[in-house]
Amino acid sequence: MEMNSIFLIKEKNGMKKDYSLLLSMMDYARLTTIQEVENLPVEMLDYRCHDEANSIGMLLAHFDAVEKIYQALTFEQLTDGEIEAYATELEPALSLGSKAAECIKGNSVEYYLDNLQRTRMATIEQFKKLDEEWLYEETEWWYGEKGNNFFKWFHVFEDEINHRGQIRMIKKLYAKENQPTTVE
């Protein structure tokens with residue numbers, strides 16, 4: 001992340017223009033996520049306000065799994081069966097739910113942020129190898145409609161932004177629930 005230009009959607013060193021624009025948006029979304037979670041203790045990362053709720057740790061693992069599945073969906077020429085098999089490997093973080101609640105806990109914020117950083121670096125390295133026409137390649141996507149790779153990668157950070165709202169709510173609920181009581 002180039003911090004001196006975090007608020008600028010512009011070309012970045014070593015990146016083609018359209019990838020630079022996309023990565024500028026991805027970087028800002030990630031920075032704001034990091035700011036929300038840095039220094040959180042494991043107890044807060046694992047907190048769930050009820051049995052059906054996500055934890056912050058679950059959501060951070062989900063961000064990583066989503067980016068990994070989109071790497072597979074867009075960078076690799078995998079068959080549907082190979083994509084399904086890889087998606088299964090990324091579970092339960094990909095779908096979240098009760099299984100994720102059982103498995104995704106006890107990790108430090110550094111654990112989650114390191115995973116996110118490694119995955120993002122792999123994305124950036126791949127972006128550097130591709131021509132800009134790749135972003136505009138259309139394939140069958142959702143609801144019988146076409147989608148291009150630019151949209152698919154927009155969705156990666158759009159999903160993160162959406163779930164970051166959950167992280168903010170979880171932090172507020174945790175603070176309220178763990179507020180010291182005063183004795184009069």
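These are legends for a set of close-up views of one predicted protein model.

**Figure 1. The whole chain, a fold with seven helices and two strands.**
Start here to get your bearings in the predicted model. Reading along the sequence, you meet the elements in the order α-α-α-α-α-α-β-β-α. The C-alpha trace spans about 70 × 40 × 25 Å along its principal axes. Of the 184 residues, 45% count as buried. If you take the contacts between residues at least 6 apart in sequence, 68% of them join residues at least 24 apart.

**Figure 2. Thr33, a buried threonine in helix H1.**
Helix H1 covers residues 17-37, and Thr33 sits in it. How much of Thr33 is accessible? Its relative accessible area is 0%, so it counts as buried. The side chain of Thr33 has a polar partner in the side chain of Glu160, with 2.8 Å between them. Setting aside neighbours within four places in sequence, Thr33 touches Glu160 along with Leu60, Phe63 and Arg164.

**Figure 3. Thr119, a buried threonine in helix H6.**
This view moves to helix H6, residues 109-129, where Thr119 is found. Thr119 has a relative accessible area of 5%, which puts it under the 20% limit for buried. Which side chain makes a polar contact with the side chain of Thr119? That would be Asp64, at 2.5 Å. Once neighbours within four places in sequence are left out, the contacts of Thr119 are Asp64, Glu67, Lys68 and Gln71.

**Figure 4. The largest pocket and its lining.**
There's about 320 Å³ of space in this pocket. Its lining is made up of 16 residues, and the ones nearest the centre are Leu73, Thr74, Glu76, Leu78 and Thr139. Which helices each supply at least two residues of the lining? They are helix H3 (56-75), helix H4 (80-90) and helix H7 (149-177). As for chemistry, the lining is a mix of six nonpolar, five polar and five charged residues.

**Figure 5. Cys49 and Cys103, two cysteines in no disulfide.**
How many disulfides turn up when the whole structure is searched? The count is zero. Take Cys49: its nearest cysteine sulfur belongs to Cys103, and that is 19 Å away. A disulfide needs the two sulfurs within 2.5 Å, so this pair doesn't qualify. Looking from the other end, Cys103 has the sulfur of Cys49 as its nearest, again at 19 Å. Cys49 is partly exposed, at 34% relative accessibility. Cys103 is partly exposed too, with a relative accessible area of 42%.

**Figure 6. Met169 and Cys49, far along the chain from each other at 120 residues apart.**
Keep Cys49 in the frame and bring in Met169, a residue of helix H7. How far apart in space are Met169 and Cys49? The C-alpha to C-alpha distance is 10.0 Å, although 120 residues separate them in sequence. Met169 counts as exposed, with a relative accessible area of 55%, whereas Cys49 is partly exposed at 34%.

**Figure 7. The loop between H4 and H5, with a cis peptide bond and a positive phi.**
Two backbone features share this view. Is the peptide bond from Glu91 to Pro92 cis or trans? That bond is cis, with omega near 5°. Pro92 lies in the loop that runs from H4 to helix H5 (98-103). Leu96 is in the loop between H4 and H5 as well, and it has a positive phi of about 65° despite not being a glycine. Most residues other than glycine have a negative phi, and most peptide bonds are trans, which is why features like these get a close-up. Leu96 is buried, with 12% relative accessible area.

**Figure 8. Asn39, a positive phi in an exposed spot.**
Here's another residue that isn't a glycine but has a positive phi, Asn39, at about 70°. Where does Asn39 lie? It's in the loop between H1 and helix H2 (42-46). At 69% relative accessibility, Asn39 is over the 50% line and so counts as exposed. For comparison, Leu96 in Figure 7 is buried at 12%.

Definitions and conventions
Residues numbered from 1 in each chain as written. Predicted model: local features only at pLDDT ≥ 70, side-chain atom pairs only at ≥ 80, totals over all residues. Heavy atoms only, no water. Buried < 20%, exposed > 50% of the residue type's maximum accessible area, 1.4 Å probe, protein only. Helix = DSSP H or I, 4+ residues; strand = E, 2+ residues; numbered from the N terminus. Polar contact = N/O pair within 3.5 Å; in protein donor to acceptor, adjacent residues only side chain to side chain. Contact = heavy atoms within 4.5 Å. 1 Å grid on protein atoms, 1.4 Å probe; cavity = no way out; pocket = protein on both sides within 12 Å on 5 of 7 lines; lining within 4 Å. Points joined across faces, edges and corners; volume = space filled by probe spheres on them. Nonpolar A, V, L, I, M, F, W, Y, C, P; charged D, E, K, R; others polar.
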